[in-house]
Amino acid sequence: MVKERDSKQKRAKKNAYLDNLVKLLQTYPRIITVSADNVGSSQMQAIRRSIRSEGILLMGKNTMMRVAIRRAVADGDKKLEQLLPKIWGNIGLVFTKGSLKTVRDRVLESKVSAPAKAGSISPVDVILPKGNTGLDPLKTSFLQALNIPSKINKGQVEIERDWHLIKLGAKVGQSEATLLQMLDIKPFFYGLKAEIVYDNGNIYDASVLDIDDKEILSKFTAGLTYLASISLGLNFPTVAAFPHLISRAFSNLLAVSLVTDYSFKQAEGVKNALKNPGTAPAPVATPEPAQAKQGKKKPEPEPEPEPEPEPEDVGGGMGDLFGGGDDW
């Protein structure tokens with residue numbers, strides 16, 4: 001009877017878990033899969049509290065998660081089937097309707113320091129800083145066995161320079177773990193790690209959330225630059241190359257204007273600057289207050305300068321080429 005009652009309770013818990021997970025899959029359009037290696041229960045509770053207003057963190061067995069996803073797919077949400085290959089290892093699901101980046105940052109900010117255990121895989125590069133270690137001189141041989149340059153200074157062991165003790169992804173040896181324990185160094189930080197993002201049917205790596213608007217704009221600008229370069233090289237007009245084509249055309253017109261009598265409004269400033277290189281540009285008039293305008297008399301208009309005599313026309317000149325000359 002006791003075993004039967006226990007089995008019924010377990011079955012009821014499984015069914016409740018499956019129903020809850022299916023409901024979450026159908027309710028929340030955004031999901032982040034997180035790996036939970038070396039994360040304790042107390043740390044997990046702290047993470048749940050930190051995202052309580054933004055989302056829900058649910059852990060469970062992978063087989064149960066796959067069953068719930070298949071149920072949700074059978075109910076009509078076919079896009080959720082993309083999550084099935086991603087359910088492996090010590091995985092959890094974070095459901096949210098808000099900002100994925102905000103929830104991801106809340107999940108990742110809860111980390112706990114931990115010592116390096118022999119046989120574990122290092123998630124970071126461990127570098128011993130140079131300086132006094134506080135160890136007695138008898139430990140010098142221990143450091144020398146690890147090829148760490150050290151010396152005795154004021155009765156204590158001192159590391160002569162920064163030393164790369166454990167590389168990222170390497171297995172922690174017994175000697176390295178013992179040394180870090182003697183130095184009271186806890187180099188590892190464990191917490192949830194975001195893996196995959198499911199967003200309204202689209203699935204992508206969680207690292208995409210680190211891309212901000214500034215980076216997107218820089219990538220877009222670089223793409224436009226490449227497109228404009230190819231367009232100009234092939235003499236094929238595109239929207240990206242259009243400003244450069246206009247600039248080239250203006251440069252050509254300005255060059256013709258500078259060596260001929262032909263002129264246009266935009267070229268006058270350049271011509272005047274070349275004829276009178278010492279002259280400063282005309283000052284820009286600033287608007288005066290209304291009271292000052294009323295108290296001032298309207299200045300009399302200055303007499304117009306006499307027109308300069310036109311140069312003699314030379315038959316077949318560039319002036320006729322651009323129009324405005326007499327008939328041939």
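Tutor: Let's start with a definition: buried means under 20% relative accessible area, exposed means over 50%, and partly exposed is in between. Keep in mind that this is a predicted model.

Student: Okay, so where does Phe250 fall on that scale?

Tutor: Phe250 has a relative accessible area of 34%, so it's partly exposed.

Student: How do I read a pair of aromatic rings?

Tutor: You describe a pair by the distance of the centres and the angle of the planes. How many pairs there are is the next thing to check: searching the whole structure turns up four aromatic pairs. One of them is Phe188 with Tyr190, edge-to-face, at 6.2 Å centre to centre and 75° between the planes.

Student: Are those two rings buried or exposed?

Tutor: Phe188 is buried, because its relative accessibility is 0%. Tyr190 is at 15%, so it counts as buried too. Now take Phe250 and Phe264: that pair is edge-to-face as well, with 6.2 Å centre to centre and 80° between the planes.

Student: Where in the chain do Phe250 and Phe264 sit?

Tutor: Phe250 is in helix α8 (residues 242-259), while Phe264 is in the loop between α8 and α9 (265-275). They're 14 residues apart, so this pair links distant parts of the chain. Phe264 comes out at 17% relative accessibility, so it's buried. Ring pairs also bring in Tyr262, giving a cluster of Phe250, Tyr262 and Phe264.

Student: And charge on the surface: which residues form the positive patch?

Tutor: Lys10, Arg11, Lys13, Lys14 and Lys61 make up that patch. To find your way there, look for Arg11 in helix α1 (residues 2-27).

How values were computed
Residues are numbered from 1 along each chain as its sequence is written. This is a predicted model: local features need pLDDT of at least 70, side-chain atom pairs count only at pLDDT 80 or more; totals for chains, interfaces and linings use all residues. Side-chain values use heavy atoms; hydrogens and water are left out. Patches are made of residues with over 30% relative accessible area and no salt bridge: like charges are joined within 9 Å, nonpolar side chains (Val, Leu, Ile, Met, Phe, Trp, Tyr) within 5 Å. Accessible areas come from the Shrake-Rupley method with a 1.4 Å probe; for residues, only the protein chains shown count as cover. A salt bridge is a side-chain nitrogen of Lys or Arg within 4 Å of a carboxyl oxygen of Asp or Glu. Lys and Arg count as positive and Asp and Glu as negative; His and the chain ends are not counted. The place of a charge is taken as NZ of Lys, CZ of Arg, CG of Asp or CD of Glu. Helices (H or I, at least four residues) and strands (E, at least two) are DSSP runs, numbered from the N terminus. Rings of Phe, Tyr and Trp (its six-membered ring) pair if their centres lie within 6.5 Å; planes under 30 degrees apart count as stacked, over 60 as edge-to-face and the rest as tilted. Buried means under 20% relative accessible area, exposed over 50%, partly exposed in between (1.4 Å probe, protein chains only).
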